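Okay, thanks for having me, everyone. I'd like to walk you through the charges and cysteines in one model, so let me put it on the screen.

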Amino acid sequence: RDAVKGQNIPAFLIASITSTCNLHCTGCYSRANDACSDDAPLNQLTGDEWGDVFKEAKELGISFIVIEGGEPLIREDVIIEASKYPEILFPIFTNGTMVNEDYLKLFDNNRNLVPIISIEGDERITDLRRGEGVYSQIIDSMETMKSKNIVFGSSLTFTKGNLSHLLSNEFIEKLYDLGCKVIFFIEYVPVNGETRNLAPSDEERELLLNELERLRSEYSDMLFMSFPGDEKASGGCLAAGRGFFHINSHGGAEPCPASPYSDINVKDTSLLEALNSNLFKSLRDGGILLDDHEGGCVLFEHKDDVERLLEK
């Protein structure tokens, strides 16, 4: 505890517990960054090592750990480890195609595990990005969880082109009727220069902020959140430990899932030491995270600067 005094501990941690996925979604930044593949590499953190990460996070006072992949339900061993820490809320961002009887029992018995199912909109749009037949699997998973009173949510990736559809009364009402209790609006991060035009602008962010207020008043029994949210209101990007940080499937501590750079690994060091890595401190102290940018991710805009910091 003494080591934590005077240290800013971020509210949440993002844990990518596997780099394996059973889908090939168009524009996936994990595949574009070579952080995701069809086959699991040998050097990923074990279930016990992830358990150590969760234990230390609890001791530091981190109360939210976002579980991602790849497809995280591939790693049942890690999800079982997470269930041992009821003090921590674990939103599990999943594509919804692997929700089986074992997982339904696990979610039912451990209410700190909250599946968040990714959906792109209606059947045509979802299957276009995620693959034919995925939408029907998602709906089946949602209907089954509703029937068992399991709390779950949805993750909606918004771009410059699809935000109005995702905010439409028809779409939100559909999710509400399916039993969805939490909706995350996730801002699309460009995977390269060619997809930069899909990144939402300030105009779209302003629209989302206003519409979130409306949705919160109209659906008082649902929770609406956006990520990364209004960076201007929060004083800049919250990556690199300002508000959150990321651990990849191999244990590398990264500023953010969309900024896959690391100079320290939790296999060799503590979470507290990872938060004080040279890269994280340089990003927090150097002003990059506070910089204005055109849309998308500030660390994507300053990719060359981040790479230069790693070389120091």
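I'll start with the cysteines, then go through some salt bridges, and finish on a charged patch at the surface.

One thing up front: this is a predicted model, and the values I'll quote are computed from it.

Cysteines, then. How many disulfides does the structure hold? The count is 0. Just as a reminder, a disulfide is a covalent bond between the sulfur atoms of two cysteines. Two cysteines I looked at are Cys21 and Cys256. Cys21 has a relative accessible area of 13%, so it goes down as buried. Cys256 comes out at 10%, which means buried again.

On to the charged side chains. In general, side chains of opposite charge can pair when their charged atoms come close. Searching the whole structure turns up 12 salt bridges, and I've picked a few to show you.

Let's look at helix α9, which runs over residues 202-218. Asp202 and Arg205 pair up there, with their closest N and O atoms 2.7 Å apart. Along the sequence they are 3 residues apart, about one turn of the helix. Are these two buried or exposed, or something in between? Well, Asp202 has 40% relative accessibility, so we call it partly exposed, while Arg205 sits at 16% and is therefore buried.

Staying in α9, there's also Glu211 with Arg214, and here the closest N and O atoms are 2.8 Å apart. The spacing is again 3 residues, about one turn of the helix. Arg214 has a relative accessible area of 22%, so that one is partly exposed.

Outside that pair, some bridges share partners: Glu120, Arg129 and Arg130 are joined into one network that way. Within that network, Glu120 and Arg129 have their closest N and O atoms 3.1 Å apart, and both residues are buried.

Last stop, the surface. Which residues form the negative patch? They are Asp122, Glu123, Glu132 and Glu170. Let me zoom in on Asp122. You'll find Asp122 in the loop between β4, residues 113-118, and α5, residues 123-130. Its relative accessibility is 31%, and patch members need over 30%, so Asp122 clears that cut-off. At that value Asp122 counts as partly exposed.

That's my tour; happy to rotate the view if anyone wants another look.

Technical notes. Residues numbered from 1 in each chain as written. Predicted model: local features only at pLDDT ≥ 70, side-chain atom pairs only at ≥ 80, totals over all residues. Heavy atoms only, no water. Disulfide = S-S within 2.5 Å. Buried < 20%, exposed > 50% of the residue type's maximum accessible area, 1.4 Å probe, protein only. Patch = residues over 30% accessible without salt bridge, like charges linked within 9 Å, V, L, I, M, F, W, Y side chains within 5 Å. Areas by Shrake-Rupley, 256 points an atom, 1.4 Å probe, with all protein chains shown as cover. Salt bridge = Lys/Arg side-chain N within 4 Å of Asp/Glu carboxyl O. Lys, Arg positive; Asp, Glu negative; His and termini not counted. Charge placed at Lys NZ, Arg CZ, Asp CG, Glu CD. Helix = DSSP H or I, 4+ residues; strand = E, 2+ residues; numbered from the N terminus.
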